[in-house]
Amino acid sequence: MIDRLRNKCIIVIGAGSGIGAATVRRLCAEGARVCAADINEAGAKAVAAAARDAGGEAFSTYIDLADEASVNAAVAAAVERLGGLDGAHINAADLQAIMQDSTALDVALDIFDRTLTVNLRGHLLCTRAVLPHLLARGGGALIYTSSGAADGAEPVRPSYAMSKSGLNALMRHVAAAWGRQGITANCVAPGFTITPEMDKSPHLTQAIRDYMQARTPAPRLGQAEDIAGMVAMLLSDDGRWINGQVYHVNGGALMP
Ligand SMILES: NC(=O)c1ccc[n+]([C@@H]2O[C@H](COP(=O)([O-])OP(=O)(O)OC[C@H]3O[C@@H](n4cnc5c(N)ncnc54)[C@H](O)[C@@H]3O)[C@@H](O)[C@H]2O)c1
């Protein structure tokens, strides 16, 4: 593994499982020093411990994107332990609410509110908490996890798609406002990505896998590591001239 991220200090928010956990593993393997933050404290702790066992440098902290004080405390803990920040992968989303995110006509407003609170307002809070620390270092990289759902024109889960569209807009704002000060902001928009947790779930039937594969012009479906690789590149010096973009990582399933 190349060490493009040697000694870079990075917080991964939403690191307790799935894509965030894979990102922690990848960033550590490339030499970064990583804070793994999640509302799932046990998950984040296990992810950080596994990264250390593999020879990396990682620790964990609690964060709840619905709670401003918690966001500020988690970022402060990361900065204190790492001595500053060079980058952040802001990746968390409430994927419980998505199960009841039906249509614009009948979605319950508490599901809409919860989705926007975590997936959009929470990312604004993370941006506010992280950005001053990147500026203090003379620049840095912010990577948000969006979704193909923002551009996919789906007949279901409107709240989720709206939250991810809003996230793309937040990212472009950050890129435009602070680009000259050395900040890069970009979104990674995964397509259907089978995380280790999804792989074990009885809800992910063979019929769903076959349906998604038929819609994907690639020989296999996506894995969390496919997304982590793009995040690592955007956080590295290879990504320093990339700003304000939404990268769809989806095996070609959506070509907006
Ligand atoms: N897996 C896919 O197919 C797919 C496709 C497109 C986009 N995404 C996006 O990728 C990101 C990661 O999703 P994943 O598939 O790895 O699922 P995941 O559930 O494994 O990861 C989401 C993480 O966010 C955390 N989280 C939830 N609510 C939180 C809160 N209030 N505060 C802090 N953390 C919170 C969860 O504990 C979890 O660790 C999400 O933003 C999701 O929208 C995933």
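1. Two strands are said to pair here if DSSP finds at least two bridges between them, and helices (H or I, at least four residues) and strands (E, at least two) are DSSP runs, numbered from the N terminus. On that footing, strand E1 (residues 9-13) pairs with E4 in the parallel sense, over four bridges. Within this pairing, Ile 11 has Ala 88 of E4 as its bridge partner.

2. A word on the basis of this note: the model is predicted, local features need pLDDT of at least 70, side-chain atom pairs count only at pLDDT 80 or more, and totals for chains, interfaces and linings use all residues. Residues are numbered from 1 along each chain as its sequence is written.

3. The sheet that holds E1 and E4 is open and has seven strands, in the order E3-E2-E1-E4-E5-E6-E9, with parallel pairing. Its edge strands are strand E3 (57-62) and strand E9 (246-249), each of which pairs on one side only. Neighbouring strands are turned by 20° against each other on average, direction ignored, where axes are lines fitted to C-alpha atoms, for helices over the stretch in contact, and angles run from 0 to 180 degrees between N-to-C directions.

4. On one side of E1, the partner is E2, and these two strands pair in the parallel sense over five bridges, with Val 12 bridged to Ala 36 of E2. Strand E2 (residues 33-38) also pairs with E3, again in the parallel sense and over six bridges, and here Ala 36 has Ser 60 of E3 as its bridge partner.

5. How is E2 placed with respect to the rest of the structure? Six of the six residues of E2 are buried, so the strand is largely enclosed by the rest of the structure; a residue is called buried if 20 or more other C-beta atoms lie within 10 Å of its own, exposed if 12 or fewer, and partly exposed in between, with C-beta atoms placed from the backbone. Both faces are covered, with Arg 33, Cys 35 and Ala 37 buried on one side and Val 34, Ala 36 and Asp 38 buried on the other.

6. Two helices should be read together with these strands. Helix H2 (residues 41-53) packs on the sheet and touches E2 and E3, its direction making about 175° with that of E3; two residues are in contact if their C-beta atoms, placed from the backbone, lie within 7 Å. Helix H3 (residues 68-82) lies across E1, E2 and E3, and runs at about 155° to E3.

7. Strand E4 (residues 87-90) is buried on both sides, since Gly 87 and His 89 point one way, Ala 88 and Ile 90 point the other way, and all are buried. E4 pairs with strand E5 (residues 140-145) in the parallel sense over four bridges, and the bridge partner of Gly 87 in E5 is Ala 141.

8. Helix H1 (residues 18-29) packs against H2 at an angle of about 25°, the axes being 10 Å apart. H1 is therefore roughly parallel to H2, given that angles under 35 degrees count as roughly parallel, over 145 as roughly antiparallel, 65 to 115 as roughly perpendicular and the rest as oblique. In this contact, Ala 21, Val 24, Arg 25 and Cys 28 of H1 meet Val 47, Ala 48 and Ala 51 of H2. By class, the contact has six nonpolar, no polar and one charged residues, where Ala, Val, Leu, Ile, Met, Phe, Trp, Tyr, Cys and Pro count as nonpolar, Asp, Glu, Lys and Arg as charged, and the others, Gly among them, as polar.

9. Helix H4 (residues 109-136) and helix H5 (residues 158-178) pack at an angle of about 20°, with their axes 9 Å apart, and H4 and H5 are therefore roughly parallel to each other. The contact includes Phe 112, Leu 116, Leu 120 and Leu 124 of H4, and, among the residues of H5, Tyr 160, Leu 167, Leu 170 and Trp 178. By class, this contact has twelve nonpolar, seven polar and one charged residues.

10. Two backbone positions may merit a look by eye. Asn 7 has a positive phi of about 65° although it is not a glycine; this residue is found in the segment before E1 and is exposed, with 11 other C-beta atoms within 10 Å. Arg 157, also not a glycine, has a positive phi of about 45°; Arg 157 lies in the loop between E5 and H5 and counts as buried, with 23 C-beta neighbours inside 10 Å.
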